[in-house]
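Here are a few exercises to work through with the structure open beside you. Try each task before you read its solution.

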Amino acid sequence: ETMVVSQRRSGGAAALVAAALLLLLGLSDHVVEAKKVKRVKAGTTYKTHDPVHIVVNKVGPFNNPTETYRYYSLPYCHTHDDIEDDAEDAIPRQKREARLQHKQRLGESITGDRRETAPFEITFKDNIEWRQLCKTTLGPDELESFKNAIHNSYFFEMFVEDLPMWGYIGDVSDEDVLLGEVEGSKTYLFPHLHFKIGTNNGNIVSATVTTDSDRRVDITNTQKPTEVQFSYSVDWVWEKDLPWKMRMSRYHDSRFLPNSFEIHWLSIINSFVLVLLLTAFLTIILMRVLKNDFSR
C-alpha cells in the first residue's frame, strides 16, 4: 500500500510539472503572438516620401460611444494588394503589416481604445488620386456583420499620430423610422476612404477622412456573395495658419466628441454626488449613535 501511495504521489507530481510546463509554453507563445508596435511620436518631422502610418482604433454605434469593438471585428482588408502604380506617377511605397497592436497608455485602455496597424501605404506629401487596397468577395456572414453595423449607425475611428479621424461605415436609404428596414429600403457600404492631411513645416497638423457615396456598394441582400473593391485616396494640403501647437483647436466643434465627453463628465458628477450622499448618511447615523451613547 505504501508503494502504491508513493507511486500515486510521484505520478501526481509529474502531472503537475507537465501542466506547469504546458502553461509556461502557452504563455510564451501568447507573449510572442502579442507583439506590439511602438507608436509614432506626435510632432515627428517628415521629409518628402517618408512613410506616414494610419492607425485604426475602434468601431461602435454613434448613439452609444462607450460601446466599442476592434476595428477588425468587421471584415476589413488585412493586407494591401500588390498593384503597382503607373510608371509616370510611381510613388515610393512601403509595405505595412496590419492588425499589430499598438502600445497603449493606461487611460487609453480604460476608455476602450484598441489601436492597431493598418495596411494603407501613404507617404508624406504624395497625393494619391485612387489606389486599390484590396478586392474581396464578401460571403453572407461578412455581409451580415457589415449590414448590422450600418443599421446600428456604426462609425470608425482612426489616427494619424495623435490626430483622430472619424467616418461612417455605410448608410441606409428609404428606412422606416420606427420599423427600421422595410421592403424597398437599401443598405450601402462605403468601401472608399479619402484622407485629407494638412502639413506645416514638415509636421502633420490636421487629418480628416471622408467616405465617397458615389462608390458605395449595395449589400441589402446578404445571402448573395458580393465582390467589394476597397480603396483609398490621399490629398496633402498646406496649413499655413495652423501651427503644430494649435493642431487640436479644430476638434472643439467636432460632433463626434461632445457625446463621449458629456457621458464621461456625467459619470464623474454622478459618482461625486453619490459619494457625498453616502458620506452625509453615514455622518448622520454616526452622530445619532454618538448622541445616544453620550446621553446614557
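**Exercise 1.** Decide whether C134 is buried or exposed, and find out what the sulfur of C134 is bonded to.

Solution. Keep in mind that this is a predicted model.
- Start with the area: C134 has a relative accessible area of 7%. Buried means under 20%, so C134 is buried.
- Now look for a partner. The sulfur atoms of C77 and C134 sit 1.8 Å apart, and the cut-off for a disulfide is 2.5 Å, so the two cysteines form one.
- Check the partner too: C77 comes out at 6% relative accessibility, so C77 is buried as well.
- For the handedness, read the angle about the S-S bond: it is -60°, and the link of C77 and C134 is left-handed.
- What does the disulfide tie together? C77 lies in the loop between strand 4 and strand 5, while C134 is in strand 8, so the link joins parts 57 residues apart in sequence.
- Finally, count: there is one disulfide.

**Exercise 2.** Take the salt bridges of D113 and R70, and work out which parts of the chain each one ties together.

Solution.
- D113 pairs with K58, at 3.0 Å from N to O. D113 lies in the loop between helix 2 and strand 6, and K58 in strand 3, so this pair spans 55 residues of sequence.
- Both D113 and K58 are buried.
- R70 pairs with E116, their closest N and O atoms being 2.8 Å apart. R70 belongs to strand 4 and E116 to strand 6, so parts 46 residues apart in sequence are tied together.
- The two ends of that second pair differ in cover: R70 is partly exposed at 31%, whereas E116 is buried at 2%.
- Then follow the shared partners: K58, D113, R115 and E157 are joined by salt bridges into one network.
- The full count is eight salt bridges, including the one between R215 and D212 at 2.9 Å.

**Exercise 3.** Find how many cavities of 30 Å³ or more the structure has, and say which residues lie nearest the centre of the largest.

Solution.
- A search of the whole structure turns up two such cavities.
- The largest has a volume of about 130 Å³.
- Its lining counts 15 residues, with Y71, Y76, F120, L193 and F230 nearest the centre.

**Exercise 4.** Locate the nonpolar surface patch that includes L274.

Solution.
- Go to helix 4, residues 257-295, where L274 is placed.
- L274 shares the patch with residues including I269, F272, F281 and I284.
- The patch covers about 890 Å².

Methods. Residues numbered from 1 in each chain as written. Predicted model: local features only at pLDDT ≥ 70, side-chain atom pairs only at ≥ 80, totals over all residues. Heavy atoms only, no water. Patch = residues over 30% accessible without salt bridge, like charges linked within 9 Å, V, L, I, M, F, W, Y side chains within 5 Å. Areas by Shrake-Rupley, 256 points an atom, 1.4 Å probe, with all protein chains shown as cover. Salt bridge = Lys/Arg side-chain N within 4 Å of Asp/Glu carboxyl O. Helix = DSSP H or I, 4+ residues; strand = E, 2+ residues; numbered from the N terminus. Buried < 20%, exposed > 50% of the residue type's maximum accessible area, 1.4 Å probe, protein only. 1 Å grid on protein atoms, 1.4 Å probe; cavity = no way out; pocket = protein on both sides within 12 Å on 5 of 7 lines; lining within 4 Å. Points joined across faces, edges and corners; volume = space filled by probe spheres on them.
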